[in-house]
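Visitor: I'd like a close look at one part of this model, please. Pick a stretch with some charged side chains, and then show me what else goes on around the fold.

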Amino acid sequence: MARPKVSICVTTFNHEKYVEKCLSSILSQRTSFDIEIIVHDDASQDGTPSIIREYAERHPSLVVPILQTKNCYCEDRNAPLMNCAMMARGQYLAICEGDDYWIDADKLEIQNEILDENDNASLVVSPGRIEYDGKLASRLHCNHGSALKSFNAQDVLNAAGQFAPTASYFCRKNVIVGALELFRGAPIGDLFIEIYAGIYGEIIYYPEVLSVYRSQTESSWSTSMLKDRVRNMLDYVNKMELIINRYSEDPNLPRLNWDKKYAEMYFG
């Protein structure tokens with residue numbers, strides 16, 4: 001197989017209801033370069049692995065399955081994505097979790113062009129749509145305006161809620177690997193990927209909607225947080241404090257103001 005320029009990382013767990021739409025949206029991409037689709041299933045207990053096998057058999061030159069027999073998320077929440085990133089052969093990585101999907105067939109082509117033309121850029125993001133129970137909400141997810149612009153790590157920390165949809169991420173490979181190593185043990189990966197990208201480069205915001213985030217699906221992080229909410233939130237805040245303190249005490253890392261993120265956590 002030719003070495004792909006872009007590797008798409010798909011992480012799944014009990015996504016039987018959603019993963020076909022996710023993979024179909026990726027396979028519909030129109031690109032002028034080679035891609036690969038790395039699909040990591042974290043020992044799903046439904047029909048997700050069978051669906052992934054079918055896609056790998058139908059598209060052997062594109063789909064690379066990683067089918068775990070033991071769940072690794074319970075030991076390290078960012079292990080599934082790290083496993084994908086370490087397997088990836090592409091210069092650039094895109095992310096689409098198994099319960100999300102893309103809605104623009106030119107997503108990869110657009111974002112690839114932006115990174116190619118901006119040597120200082122490390123991550124390209126865009127606003128997204130939110131889907132609740134099969135219906136798209138009217139408001140956009142992570143909308144930062146109608147113009148192309150750049151952001152840094154402090155901008156990420158100053159944003160209310162999530163800065164950008166994970167399904168919109170398109171970055172240099174070292175961003176994923178570097179972020180998950182630097183912030184090892186973080187209870188969530190996306191925030192720290194954005195922070196890392198904003199420290200070591202520019203985050204380019206492309207204003208068109210390219211992806212859909214499915215909210216509160218059966219096995220999602222947001223749904224799991226609703227179960228025993230107080231205990232889960234306290235555990236989340238404690239782990240976030242450990243990561244933030246570890247970062248802030250490292251003299252080799254640039255200073256950041258975490259006040260708004262702290263306030264957001266405690267308000268939650």
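Guide: One bit of bookkeeping before we zoom in: a helix here is a DSSP run of H or I covering at least four residues, and helices are numbered from the N terminus. Keep in mind, too, that this is a predicted model.

Our part is helix 9, which spans residues 229-248. Start with two of its charged residues, Lys 239 and Asp 235. They sit about one helical turn apart, because four residues separate them in helix 9. Their side chains meet in a salt bridge, with N to O at 3.3 Å. Asp 235 has a second partner as well: its side chain forms a salt bridge with Arg 77, at 3.9 Å from N to O. That value still qualifies because the cut-off is within 4 Å.

Arg 77 isn't in the helix. It belongs to the loop between strand 3 (63-67) and helix 3 (79-87), so its pairing with Asp 235 ties together parts that are 158 residues apart in sequence. Put the pairs together and you have Arg 77, Asp 235 and Lys 239 linked in a network of salt bridges.

How open is this spot? Asp 235 has 29% relative accessibility, so it counts as partly exposed. Lys 239 is also at 29% and partly exposed, and Arg 77 is partly exposed with a relative accessible area of 28%.

Helix 9 has a nonpolar side to its story too. The largest nonpolar core holds 49 residues, and Ile 176, Phe 192, Ile 195 and Trp 258 touch the most other members. Helix 9 supplies the largest share of that core, seven residues. For a feel of the packing, click on Phe 192: leaving out residues up to four places away in sequence, it touches Ala 179, Phe 183, Ala 186, Met 240, Ile 243 and Trp 258. Another core lies apart from this one, with 31 residues, including Ile 8, Ile 26, Ala 56 and Cys 96.

Back to charges. The whole structure has eight salt bridges. One of them joins the side chains of Arg 30 and Asp 106, at 2.9 Å from N to O. Arg 30 sits in the loop between helix 1 (19-27) and strand 2, while Asp 106 is in the loop between strand 5 and helix 4 (107-117), 76 residues apart. Arg 30 is exposed, at 51% relative accessible area, whereas Asp 106 is partly exposed at 26%.

Asp 41, in strand 2 (residues 35-41), is worth a stop as well. This aspartate is buried but has no salt bridge, and the nearest side chain of opposite charge, Arg 53, is 7.6 Å away. That pair doesn't count because a salt bridge needs the atoms within 4 Å. What Asp 41 does have is a 2.8 Å polar contact with the side chain of Thr 12. Beyond its sequence neighbours within four places, its contacts include Phe 13, Pro 49, Ile 52 and Leu 67.

Last, have a look at the open sheet whose four strands run in the order 5-12-7-8, with mixed pairing. Strand 5 (101-102) and strand 8 (135-141) are its edges, each pairing on one side only. Strand 7 (residues 128-132) and strand 12 (residues 211-214) pair in the parallel sense over four bridges, and Arg 129 stands opposite Val 212 in strand 12.

How values were computed:
Residues are numbered from 1 along each chain as its sequence is written. This is a predicted model: local features need pLDDT of at least 70, side-chain atom pairs count only at pLDDT 80 or more; totals for chains, interfaces and linings use all residues. Side-chain values use heavy atoms; hydrogens and water are left out. A nonpolar core is a set of buried Ala, Val, Leu, Ile, Met, Phe, Trp, Tyr and Cys residues joined through side-chain atoms within 4.5 Å. Buried means under 20% relative accessible area, exposed over 50%, partly exposed in between (1.4 Å probe, protein chains only). Contact means heavy atoms within 4.5 Å. Lys and Arg count as positive and Asp and Glu as negative; His and the chain ends are not counted. A polar contact is a pair of N or O atoms within 3.5 Å; within protein, one must be able to donate a hydrogen and the other to accept it, and residues adjacent in sequence count only if both atoms are side-chain atoms. Two strands pair if DSSP finds at least two bridges between them.
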